[in-house]
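Trainee: Could you walk me through reading this model, one feature at a time?
Mentor: Sure, let's look at it together.

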Amino acid sequence: MKERGWKKDVTPYFVFCCFKCNNYSLVKTTQKRKKCLRCGHFHIVTQLESTSEVIKGATAARKRLIELQNSLSLKETGRLPDFSADGDYSISNSSNFDNIYSNKELTKYDFFKMVLRKLDQRFKRFPEHVIYMLAEDHGISKEKVKRFIDICFREGFLKKTQEDLFYIQK
Ligand SMILES: [Zn+2]
C-alpha cells in the first residue's frame, strides 16, 4: 500500500513583530522577504532570526501569532483585537496590563529591548530622550527606562557614540 494521507506539519516559521508598526506576522524561515500586511514594510527574513520565535507547523505558528497579537493589543489599547472573521474572539475588558509583562514570553525588559530594536531599525543612531519618549509611550516608567538602559549597557546590547547617540551592538 502506498504511504499517503496526513503528515505532521513541521515546517518552521518565524513569528515576528514588525519594528515599524508593531504588528505580528509569520513567515516560513526559508522565505527571502516578507511584507508586513499592515504597514507594507519589507522584512528580510534572515534578519528576523534574532528577534523571532521559531514555531514548527503552520497551525501552531498561527496560534502563537494570535496569542502575541492579543498581548500586544491588550497592552496598547486594553482590548483584544476583534478577529470577527474567525468569530472566536471577543473584546476583553481586562485592564491588568501587568499580567502581560509577567508573561514569560515578554518581560518588561524584553519589551524595552524590542522598543530599542524598533528605534534602531528606524534611526540607527538615536539620542537618549527619544528612548525615554518611546518607552514611556509604551507604558515603561522613567525609573525603569533608566535602569533598563544601565542593564543594556552592562550587557553590551546598547552602545554610545562620541556624540552621545545610542545604537545597538550588532
Ligand atoms: Zn508593519
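Trainee: What follows α4, and what is the sign of its phi?
Mentor: Helices here are DSSP runs of H or I with at least four residues, strands are runs of E with at least two, and both are numbered from the N terminus. After α4 comes Gly139, with a positive phi near 80°. Keep in mind that this is a predicted model, where local features need pLDDT of at least 70, side-chain atom pairs count only at pLDDT 80 or more, and totals for chains, interfaces and linings use all residues. Residues are numbered from 1 along each chain as its sequence is written, and side-chain values use heavy atoms, leaving out hydrogens and water.

Trainee: Which residues of helix α4 are buried?
Mentor: Buried means under 20% relative accessible area, exposed means over 50%, and partly exposed is in between (1.4 Å probe, protein chains only). In α4, residues 128-137, the buried ones are Val130, Ile131, Tyr132, Leu134 and Ala135.

Trainee: Where is Gly57, and what does Gly57 touch?
Mentor: Look in the loop between β5 (53-56) and α1 (58-77). Gly57 is buried, at 4% relative accessible area. A contact means heavy atoms within 4.5 Å. Skipping residues up to four places away in sequence, Gly57 touches Asp9, Val10, Thr11 and Tyr13. The C-alpha atoms of Gly57 and Val10 are 4.5 Å apart, though 47 residues separate the two along the chain.

Trainee: Is Lys118 buried or exposed?
Mentor: Buried, with a relative accessible area of 8%. Lys118 belongs to helix α3 (residues 108-123), and beyond its neighbours within four places in sequence, Lys118 contacts Phe19, Lys20, Asn22 and His138.

Trainee: How many salt bridges does a search of the whole structure find?
Mentor: Such a bridge puts a side-chain nitrogen of Lys or Arg within 4 Å of a carboxyl oxygen of Asp or Glu. The search finds six. One of them pairs Arg64 with Glu53, with the closest N and O atoms 2.8 Å apart. That pair links distant parts of the chain, eleven residues apart: Arg64 in helix α1 and Glu53 in strand β5. Arg64 is buried at 10%, whereas Glu53 is partly exposed at 26%.

Trainee: What is the N to O distance for Arg64 and Glu67?
Mentor: Their salt bridge comes in at 2.6 Å. Arg64 and Glu67 sit three residues apart in helix α1, so about one helical turn separates them.
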